Amino acid sequence: MEHMYDLLINSMKESRSENINIHGKTFERISGKMECAVAGGGSIHINQNIVIHMNEETLENFIITSTTSDDSSESEVQEIIKTIRIN
């Protein structure tokens with residue numbers, strides 16, 4: 001999990017990071033925009049989010065990733081992330 005965490009953080013090192021709370025657990029959310037090439041030429045900008053919780057004592061680990069192609073879908077994804085049931 002630590003290796004995956006390092007890979008994800010490095011892939012988005014120019015993006016902003018913040019701590020969020022989901023059902024009493026602290027998660028780190030890294031989010032930003034990325035330009036992706038489109039088949040046939042051109043490119044689109046996508047929103048990318050990585051939400052990570054790692055607890056070394058209990059070995060409890062969560063990594064949630066999302067990509068959206070428009071800002072209206074982005075708010076829906078954020079609502080889904082907030083409602084994830086973690087026991």
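1. Serine 11 makes a short contact to the main chain: a polar atom of the serine 11 side chain lies 2.7 Å from the backbone oxygen of leucine 8. Serine 11 sits in helix 1. With a relative accessibility of 47%, serine 11 counts as partly exposed, since the partly exposed class runs from 20% to 50%. The C-alpha atom of serine 11 is separated by 24 Å from that of glycine 41, which is 30 residues apart from serine 11 along the chain. The model is predicted, and these values are computed from it.

2. On overall layout, the protein has 2 helices and 4 strands. Along the sequence they follow the pattern α-β-β-β-β-α. The C-alpha atoms fill a box of roughly 50 × 25 × 20 Å along the principal axes. Of the 87 residues, 31% are buried. Among contacts between residues at least 6 apart in sequence, 37% join residues at least 24 apart.

3. The 4 strands form an open sheet in the order 1-2-3-4, with antiparallel pairing. Strand 1 (16-22) and strand 4 (60-68) are at the edges; each has a single partner strand, so one side of each is left without a neighbour in the sheet. From one strand to the next the twist averages 25 degrees. As background, strands of a sheet pair through backbone hydrogen bonds, either parallel or antiparallel.

4. The pairings can be taken in turn. Strand 1 pairs with strand 2 (residues 25-37) over 7 bridges, in the antiparallel sense; serine 17 has isoleucine 30 in strand 2 as its bridge partner. Strand 2 and strand 3 pair over 10 bridges, also antiparallel, and here arginine 29 stands opposite valine 51 in strand 3. Strand 3 and strand 4 run antiparallel and are joined by 9 bridges. In strand 4, phenylalanine 62 is the bridge partner of histidine 53, and glutamate 60 is the bridge partner of asparagine 55.

5. Two hairpins deserve a check of the backbone angles. The hairpin of strand 2 and strand 3 has 5 residues between the strands, and glycine 40 in this hairpin takes a positive phi near 90 degrees. The hairpin of strand 3 and strand 4 has 4 residues between the strands; there a positive phi near 60 degrees falls on leucine 59.

6. Which strands does helix 1 lie across? Helix 1 (residues 2-11) lies across strand 2, strand 3 (43-55) and strand 4. Its direction is at about 150 degrees to strand 3.

7. The largest nonpolar core has 7 residues: Ile20, Ile22, Phe27, Val51, Ile64, Val77 and Ile81. Strand 1 and helix 2 (71-82) are the elements that give two or more residues to this core. A second, separate core has 5 residues, including Leu8, Met12, Ile30 and Ile52.

8. Isoleucine 20, one of the residues of the largest core, is in contact with Lys25, Thr26, Phe27, Arg29 and Val51, leaving aside neighbours within four places in sequence. Of these partners, Phe27 and Val51 are among the residues of the largest core.

9. The structure holds 1 aromatic pair. The rings of phenylalanine 27 and phenylalanine 62 have centres 6.0 Å apart and planes at 40 degrees, so the pair is tilted; that class covers what is neither under 30 degrees nor over 60. The pair links distant parts of the chain, with phenylalanine 27 in strand 2 and phenylalanine 62 in strand 4, 35 residues apart. Are the two rings' residues buried or exposed? Phenylalanine 27 counts as buried at 1% relative accessibility, whereas phenylalanine 62 counts as partly exposed at 25%.

10. Serine 31 is in strand 2. Its relative accessible area is 8%, so serine 31 is buried, the cut-off being under 20%. Leaving aside neighbours within four places in sequence, serine 31 is in contact with Met12, Ser15, Arg16, Gln48 and Asn49. Among these partners, Met12 belongs to the second core. Serine 11, by comparison, is partly exposed at 47% relative accessibility.

Key. Residues numbered from 1 in each chain as written. Predicted model: local features only at pLDDT ≥ 70, side-chain atom pairs only at ≥ 80, totals over all residues. Heavy atoms only, no water. Pairing = 2+ DSSP bridges. Axes fitted to C-alpha atoms, helices over the stretch in contact; angles between N-to-C directions. Contact = heavy atoms within 4.5 Å. Phe/Tyr/Trp six-rings, centres within 6.5 Å; stacked < 30°, edge-to-face > 60°. Buried < 20%, exposed > 50% of the residue type's maximum accessible area, 1.4 Å probe, protein only. Core = buried A, V, L, I, M, F, W, Y, C linked by side-chain atoms within 4.5 Å. Polar contact = N/O pair within 3.5 Å; in protein donor to acceptor, adjacent residues only side chain to side chain.
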